[in-house]
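Here are a few short exercises to work through with the model open beside you. Try each task before reading its solution.

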Amino acid sequence: MAKEWVQSEDGSYTAYSSEYDEHYHSTKDGALNESLKKHIEPAFTLHGEKDHLRLIDICFGLGFNTLLSLYWRDTYYPDTTLEIYSPELDGDLVASLVDFPYPDIFEPYKNIITDIATLGGYEDERTVISVDIMDARVAMRELEGEWDICYQDAFSPSVNPALWTREYFADIAHLMGEDGIVTTYSTALATRLALYENGLNVYLNSGEGYRNATIASKRELIDYEKVDMAHKIACNPDAKSLSDESLDI
C-alpha cells in the first residue's frame, strides 16, 4: 500500500497508511515527541539502570521507538546493552526507510537504519536488533525468554483490533519479566481491561505537551498514577475488552 510522508507538529515526519487510514504517529503530539513521551522516557525511567535491557517494539513501522531507544541509551545510559526484537508486517515499508526524512538526532544511526532495511537487523558489542517481517500475533506466540519492556504501538484498536485483544495481551504478559512494563498510547477502557485481565497494574502516563497514555506493569509503580480498574469496571458494567472470539479470530 502507498505511504505518504507527512510532517507532524513537532517538525518530525511520520507517514500515512492508506491501508489502515491512519498515520503512524500522532501528527498533533509529533512523531518524535510521541515516541519519547509515551514510550522511551517511561521505559528508561523505570528500567534504564539495568545492565542489559530486552525490549519488544510492536510494530517496527518507521523505527522511531527503536532508534530513539538507541539515542536515549547512548545519551543517558551508555553502559547498558540493548536487545530489541520487533515484528513488522510491511516489509516494503522497512526496505524504504533508507530514504525516510528522519530527525537530525538519528543521523548517527544511518548505518543501523540501512542494515535493518536491507538485512533485517543490526548487531554490535552493545546492541542487537532483530526486525522480523511477520504478523505480530504469530511473533508473540513464538518469541521466547523474559523481556523487560514492550512498546505497544500498533495501529489503533478501531482499525487493527487483533493487536489489542486480551488473548494477544496474554502472550505479551507471558513474555514480561517480574518487573516488565507495557507502554502504549491507547487509553481506551477496552485496552486497559485487556491489560488488567492479564494481571497487569494499569497506570496513567500524562504530562505537558502530549495527550494521555498508558503504562501497564507487573509490579507496583510509585511514580505514576494508578488507574482504579475496579472502580472503572463498577462504573462501566457493560464494558468489555476486545477478544479473539468477538473478532472471530
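**Exercise 1.** Find the bridge partner of H52 in strand 5, and describe how the two strands pair.

*Solution.* Start at H52: its bridge partner in strand 5 is T81. Now widen the view in this predicted model. Strand 4 (residues 52–58) and strand 5 (residues 81–88) run parallel and are joined by five bridges.

**Exercise 2.** Place these strands in their sheet: in what order do the nine strands lie?

*Solution.* The order is 6-7-5-4-8-9-11-10-12, in an open sheet with mixed pairing. Next, look at the edges. Strand 6 (121–123) and strand 12 (225–226) each have a single partner strand, so one side of each has no neighbour in the sheet.

**Exercise 3.** Work out which strands helix 6 and helix 7 meet.

*Solution.* Take helix 6 (residues 166–175) to begin with: it lies across strand 4, strand 8 (147–152) and strand 9 (176–184), at about 135° to strand 9. Then turn to helix 7 (residues 189–196), which packs on the sheet and touches strand 9, strand 10 (201–207) and strand 11 (210–217). The direction of helix 7 makes about 140° with that of strand 10.

**Exercise 4.** Describe the packing of helix 1 against helix 2.

*Solution.* Begin with the axes: those of helix 1 (residues 31–47) and helix 2 (residues 64–76) come within 10 Å and cross at roughly 60°. The two helices are therefore oblique to each other. As for handedness, helix 1 passes helix 2 in a right-handed crossing. Finally, list the contact residues: they include L36 and F44 of helix 1, and L68 and W72 of helix 2. By class, this contact has eight nonpolar, four polar and two charged residues.

Key:
Residues numbered from 1 in each chain as written. Predicted model: local features only at pLDDT ≥ 70, side-chain atom pairs only at ≥ 80, totals over all residues. Heavy atoms only, no water. Axes fitted to C-alpha atoms, helices over the stretch in contact; angles between N-to-C directions. Helix = DSSP H or I, 4+ residues; strand = E, 2+ residues; numbered from the N terminus. Parallel < 35°, antiparallel > 145°, perpendicular 65-115°, else oblique. Left-handed = near helix turned anticlockwise from the far one by under 90°. Contact = heavy atoms within 4.5 Å. Nonpolar A, V, L, I, M, F, W, Y, C, P; charged D, E, K, R; others polar. Pairing = 2+ DSSP bridges.
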